[in-house]
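Grab a coffee and open the viewer. Here are some short exercises to work through with the structure on screen.

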Amino acid sequence: MEMTPYQLANKTPLTLSPNFILPEDKRPNLSKIINHGVPKELCQKVLAVVTEFFQLPPEERAQYLTKDHSKQVKVFNYYQKYDGIGKVTMWSETFSHPWHPTEDFTHLLPTNPPQYREVFAEYARAIGVLFDRLLSLISRGLGLDKDCLKRRIGEKPGLNTQANYYPACPDPELTMGMPDHNDLGSIAVLLQVEGVTGLQVIKDGKWLTVDPVPDAFVINLADQTQVLSNGKFKSVGHRAITNKLLPRLSLGMFYTPNNDTVIGPIEDLIDEENPPKYRKYSFKEYMEEFYKQEGKRRRVKEAFELQR
Ligand code: OGA
Ligand code: NI
């Protein structure tokens, strides 16, 4: 974007001319904190194809509408149910499908935009590597061996992606893009378009806006990480608000246990001072509790807490 330079009071235009540029070793080094290893161009490419998908005519996106939870590739809308009012639909549309193993579902993905399948497969490969790194870093952070978390989340994890499109909204005070929730699985890697805010996390009862950092991911720890770590890591409560002027796109990649996996606090983290905070359950039970709370502000993990 072309910008008219700001004129300082002393008439100098504020431009990146030599007298404003710091010596190399004095620069803030903003990109140094971004070390995820996923190429920037790839992130931009995947956001571009997903944006194109949401810009297709509604009749074309409609082929993915379904009421069946178990459908692998689907378009749906979030909503909340309120007593005495009924259903309120969120200001967004979501497109969701698996991201691995590619051979199982690629034939179900869009052929329009034409690059969708190819770009997505490339992005999924890179995020797979990032998940492995995150899982071992979190394990090590808990003082466990690096494979521990991945092993406990188990064989054949559910690997799903969710693209959320939030059109500009004439009055963001009246709507919500995505309701207050915690992610269900273990970790979520969220990529968002630059320059539009929307994501908020709750801390000490207050909503804080998470400004998109160019080329960075937001890593959300989700419910199963909280349970496995016996509460040492917290699953973050979050939501998305709408934006008055600009549409926003976010792309979440999720890593979730399969239904048969038994989840509970990792034994090495339990001792007399740290008794287990959660009971053991199969992930299937967790999902049943999740569906039971449909339309509400879901408190799924609370249902598995042990009383003391
Ligand atoms: C999600 C989510 C938030 C966002 O997909 O689970 O929380 O910023 N998305 O769109
Ligand atoms: Ni979420």
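The exercises below concern a predicted model, and each comes with a worked solution.

**Exercise 1. Find which residues surround ligand 1, and sort them by class.**

Step 1: Pick out the residues with a heavy atom within 4 Å of the ligand. You should get Gln-162, Asn-164, Tyr-166, Met-178, His-181, Asp-183, Leu-190, Leu-199, His-238, Arg-248, Ser-250 and Phe-254.

Step 2: Sort them. The shell splits into five nonpolar, five polar and two charged residues.

**Exercise 2. Work out which side chains make polar contacts with an oxygen atom of ligand 1, and how much of the ligand the protein buries.**

Step 1: Use a cut-off of 3.5 Å between N or O atoms. The side chain of Arg-248 has an N or O atom 2.8 Å from a ligand oxygen. For His-238, the side-chain distance to an oxygen of the ligand is 2.9 Å. Asp-183 brings a polar side-chain atom to 3.2 Å from a ligand oxygen.

Step 2: Now the surface. On its own, ligand 1 would expose 290 Å², and the protein buries 98% of that.

Step 3: Look at where the shell comes from. Strands S5 (158–166), S6 (178–181) and S12 (248–256) each give two or more residues to the shell.

**Exercise 3. Describe how helices H1 and H3 cross.**

Step 1: Two packed helices are described by the angle between their axes and the distance between the axes. For H1 (residues 40–54) and H3 (residues 116–141), the axes come within 9 Å and cross at roughly 140°.

Step 2: Name the arrangement. Angles over 145 degrees would count as roughly antiparallel, so that crossing angle makes H1 oblique to H3.

Step 3: Add the hand: the H1–H3 crossing is left-handed.

**Exercise 4. Track down the cis peptide bonds before Pro-101 and Pro-113, and the positive phi of Asp-215.**

Step 1: Keep the usual case in mind: most residues other than glycine have a negative phi, and most peptide bonds are trans.

Step 2: Check omega. His-100 and Pro-101 are joined by a cis bond with omega about -10°, and Asn-112 and Pro-113 by a cis bond with omega about 0°. Pro-101 sits in the loop between strand S4 (93–98) and H3, and Pro-113 lies in the loop between S4 and H3 too.

Step 3: Check phi. Asp-215 is not a glycine, yet its phi is positive, about 70°. Look for Asp-215 in the loop between strands S9 (206–209) and S10 (218–221).

Key
Residues numbered from 1 in each chain as written. Chains lettered and ligands numbered in written order. Predicted model: local features only at pLDDT ≥ 70, side-chain atom pairs only at ≥ 80, totals over all residues. Heavy atoms only, no water. Polar contact = N/O pair within 3.5 Å; in protein donor to acceptor, adjacent residues only side chain to side chain. Areas by Shrake-Rupley, 256 points an atom, 1.4 Å probe, with all protein chains shown as cover. Helix = DSSP H or I, 4+ residues; strand = E, 2+ residues; numbered from the N terminus. Nonpolar A, V, L, I, M, F, W, Y, C, P; charged D, E, K, R; others polar. Axes fitted to C-alpha atoms, helices over the stretch in contact; angles between N-to-C directions. Parallel < 35°, antiparallel > 145°, perpendicular 65-115°, else oblique. Left-handed = near helix turned anticlockwise from the far one by under 90°.
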